[in-house]
Amino acid sequence: MALFKSSNPALDSEVFTRHVNPFGDHQQTTVMTIGGTVNKIAVLLLLVVGSAIITWTMYFQAATLVPTFMMIGGIGGFILALVTIFKKEYSPVTAPIYAVLEGLFLGGVSAFFEAQFSGIVFQAVLLTMGTLLSLLFIYKSGLINVTENFKLGVAAATGGIALVYLISFGMSLFGSTMPYIHESGLIGIGFSLFVVVIAALNLVMDFDFIEQGAEQKAPKYMEWYAAFGLMVTLIWLYIEFLRLLSKLRD
């Protein structure tokens, strides 16, 4: 059976062929399980929220410190993400640290949007959690089949979005901006809707990755790695919901 590469760079099903459990079925405590992964996801989510509260509070009480903490969180989180992707066996340590750092960054971003549009953060959180639970139900009910064409389509769309954002970032370094997509017009809103849909479909890919890991009896530390991968998608989806809502309310 052909293996696929998830559009989420953190979740690549080939890791299961590179990390084979040598103990077989009789050593369940040493292998990845769905229940164990869910527990790890809950831990990372709590760490993200807990550290986000720090920069959120600072924004409204000591705003001058927020950019420093956001920079530490953003750059540190990016570095930890790369370390986790290339050294998956370190994920029991790096994934929680990544969650804390990303929380620092997200707290500042959330406070910035909230200061401009009251109530937007609560709406974005509800939409993110609602999307997660809805797609999990749809996935488990079999209404979405994760076929090879589905995987290729989502991967291609995700890569295209990444390329657009990379070009946009490069243009910003020279004091220019990519027209339309960051504006609150119909094109900008339409682009954000498209990105939200693709980010949401990446969750389905993540669910499939976790299920494959449990079925193939990946090493226990892969629970942390799979939880980390899902958090990457959730954070992306949350930020995109913030961007979409801000355009709609602008």
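# A tour of an eight-helix chain

Start by selecting residues 34–61, helix α2. At 1.5 Å a residue, its 28 residues should span 40 Å, and the end C-alpha atoms lie 41 Å apart, so the expected and modelled spans agree. The model is a predicted one.

**The whole chain.** Zoom out and colour by secondary structure. The chain has eight helices and zero strands, and from the N terminus the order of elements is α-α-α-α-α-α-α-α. Of its 250 residues, 46% count as buried. Taking contacts between residues at least 6 apart in sequence, 83% join residues at least 24 apart.

**Back to α2.** Select T33 and G36 at the N-terminal end of the helix. T33 is the cap here: one of its side-chain oxygens lies 3.0 Å from the backbone nitrogen of G36. Next, show the buried residues of α2, which are G36, T37, K40, I41, L44, V48, S51, A52, T55 and M58. Many helix positions can be read against a simple rule: an α-helix has 3.6 residues a turn, so residues three or four places apart point the same way. What do the buried residues of α2 pack against? Display α3 (66–86), α4 (91–116), α7 (186–215) and α8 (222–249), which are their packing partners.

**The largest nonpolar core.** Keep L44 of α2 on screen and add I120, L203, F207, F228, L237 and L242. These are the residues with the most contacts inside the largest nonpolar core, a set of 55 residues. Two or more residues of this core come from each of α2, α3, α4, α5 (120–141), α6 (148–172), α7 and α8. The element that gives the most is α8, with 16 residues.

Centre on F207. Apart from neighbours within four places in sequence, F207 is in contact with L132, L135, L136, Y139 and L230.

**The second core.** A separate core of seven residues includes A157, I161, M178 and V195. Select A157, in helix α6. Is A157 buried or exposed? Its relative accessibility is 17%, and because the cut-off for buried is under 20%, A157 counts as buried. Leaving out neighbours within four places in sequence, A157 is in contact with F194 and I198. Now draw a distance from A157 to V195: the two are 38 residues apart in sequence, and their C-alpha atoms are 8.7 Å apart.

**T94 and its partners.** Move to T94, in helix α4. T94 has a relative accessible area of 7% and is therefore buried. Show the side chains of T94 and T84, which are joined by a polar contact of 2.8 Å. Beyond neighbours within four places in sequence, the contacts of T94 are with L80, V83 and T84.

**The largest pocket.** Finish by switching on a surface. Which residues lie nearest the centre of the largest pocket? Select F105, Y165, W236, I239 and E240; they are the ones nearest the centre, among 45 lining residues. The space in this pocket comes to about 1700 Å³. At least two residues of the lining come from each of α3, α4, α6 and α8. The largest share, 10 residues, is supplied by α8, the helix that also gives the most residues to the largest nonpolar core.

Notes. Residues numbered from 1 in each chain as written. Predicted model: local features only at pLDDT ≥ 70, side-chain atom pairs only at ≥ 80, totals over all residues. Heavy atoms only, no water. Helix = DSSP H or I, 4+ residues; strand = E, 2+ residues; numbered from the N terminus. Expected span 1.5 Å × (residues − 1). Buried < 20%, exposed > 50% of the residue type's maximum accessible area, 1.4 Å probe, protein only. Contact = heavy atoms within 4.5 Å. Polar contact = N/O pair within 3.5 Å; in protein donor to acceptor, adjacent residues only side chain to side chain. Core = buried A, V, L, I, M, F, W, Y, C linked by side-chain atoms within 4.5 Å. 1 Å grid on protein atoms, 1.4 Å probe; cavity = no way out; pocket = protein on both sides within 12 Å on 5 of 7 lines; lining within 4 Å. Points joined across faces, edges and corners; volume = space filled by probe spheres on them.
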